[in-house]
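Open the model in your viewer and keep the selection box handy. We will go stop by stop, with something to pick at each one.

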Amino acid sequence: MKVKNIIILISLLTLAVSWEWPWSSSNNNDENQSTLLQLREGEYNISSEESELNWVGKNITSKIHTGTLQIQGGTISINADGIVSGSVVVDMSTINTTNLQGEWKDKLDGHLKSSDFFSVDEYPTASFTFTSKANLVKDNVIEFNGELTIKNITHPLNFTAEILETNLLLKAKSSITFDRSKYDIRYGSGSFFEDLGDNLILDDINFDVLLVAQG
């Protein structure tokens, strides 16, 4: 190969290596662009049969109780700008303890439904509403501003949710913690009583939610 041709070839290779193609990831100002998901516009009805709510309560000795609640229904709306909003209603009469059986389970279920805790006869439902902070889902996670209402008392409840499916169904899950003392749930609470010792029940209640909605 002639020296002139070799010089031309080297010049072309150098140009190819240094060139940043428009579709190249190296020319992408947002490193996470490939992880951003635009949700499809529409109205979705939450399925009470397929959705789940699991709760965990603890006392000062780290003893825990676990249980479930039935989601009564709700809606999720995604507008033309990709903003997600919705509301969920929870049937408080379905409080169900899962780590106990028989008489002890029945006693705890009844106690949680009583005026010591959730006053289910007077307040048969709880609810939360939410609106996304942005219109894009990053790494399948979206942030929400929300409000939780228990016993007709409402407080802000901000959380994140992971989008699991967006095709035939809209499916998402979230882990949320709320402070029961803000909702006048006083039994065994150090926010209202002193010197409870081992009888102190922590104010924070954790619940995992799986929402399944159909468009």
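**Stop 1: aromatic rings**

Start by showing the aromatic side chains: there are 8 aromatic pairs, where rings of Phe, Tyr and Trp (its six-membered ring) pair if their centres lie within 6.5 Å, with planes under 30 degrees apart counted as stacked, over 60 as edge-to-face and the rest as tilted. Select F128 and F130, a tilted pair at 6.1 Å centre to centre with 40° between the planes. Both of these residues are buried, meaning under 20% relative accessible area, with exposed over 50% and partly exposed in between (1.4 Å probe, protein chains only).

A word on the ground rules: this is a predicted model, in which local features need pLDDT of at least 70 and side-chain atom pairs count only at pLDDT 80 or more, while totals for chains, interfaces and linings use all residues. Residues are numbered from 1 along each chain as its sequence is written, and side-chain values use heavy atoms, with hydrogens and water left out.

Now add F144 and F159, which are stacked at 5.3 Å centre to centre with 20° between the planes. This pair links distant parts of the chain, with F144 in strand 8 (residues 141–150) and F159 in strand 10 (residues 159–165), 15 residues apart. Helices (H or I, at least four residues) and strands (E, at least two) are DSSP runs, numbered from the N terminus. F144 has a relative accessible area of 5% and F159 one of 11%, so each counts as buried. Keep all four selected: F128, F130, F144 and F159 form one aromatic cluster.

**Stop 2: the largest cavity**

Keep F130 and F144 on screen and add A161, A172 and L211: of the 16 lining residues, these five lie nearest the centre of the largest cavity. Its volume is about 170 Å³. On a 1 Å grid over the protein atoms alone, a cavity is a set of points where a 1.4 Å probe fits but cannot get out, and a pocket is an open set with protein on both sides within 12 Å along at least five of seven lines; lining residues have an atom within 4 Å of a point. Grid points are joined across faces, edges and corners, and a volume is the space filled by probe spheres set on the points. Colour strand 11 next, as it gives the largest share of this lining, 5 residues.

**Stop 3: the largest pocket**

Move to the largest pocket, with a volume of about 790 Å³. Select W55, H65, L108, L112 and F117, the closest to its centre of the 34 residues that line it. By class, the lining has 23 nonpolar, 6 polar and 5 charged residues; Ala, Val, Leu, Ile, Met, Phe, Trp, Tyr, Cys and Pro count as nonpolar, Asp, Glu, Lys and Arg as charged, and the others, Gly among them, as polar.

**Stop 4: strand 3**

Which residues of strand 3 point to the buried face? Select L53, W55 and G57, which are buried on one face, while E52, N54, V56 and K58 point to the other and are not. Strand 3 runs antiparallel to strand 12, with 5 bridges, and antiparallel to strand 4, with 6 bridges; two strands pair if DSSP finds at least two bridges between them. Pick L53 with its bridge partner V209 in strand 12, then G57 with H65 in strand 4. Finish at S62, in the turn of the hairpin that strands 3 and 4 form, where phi is positive at about 75°.
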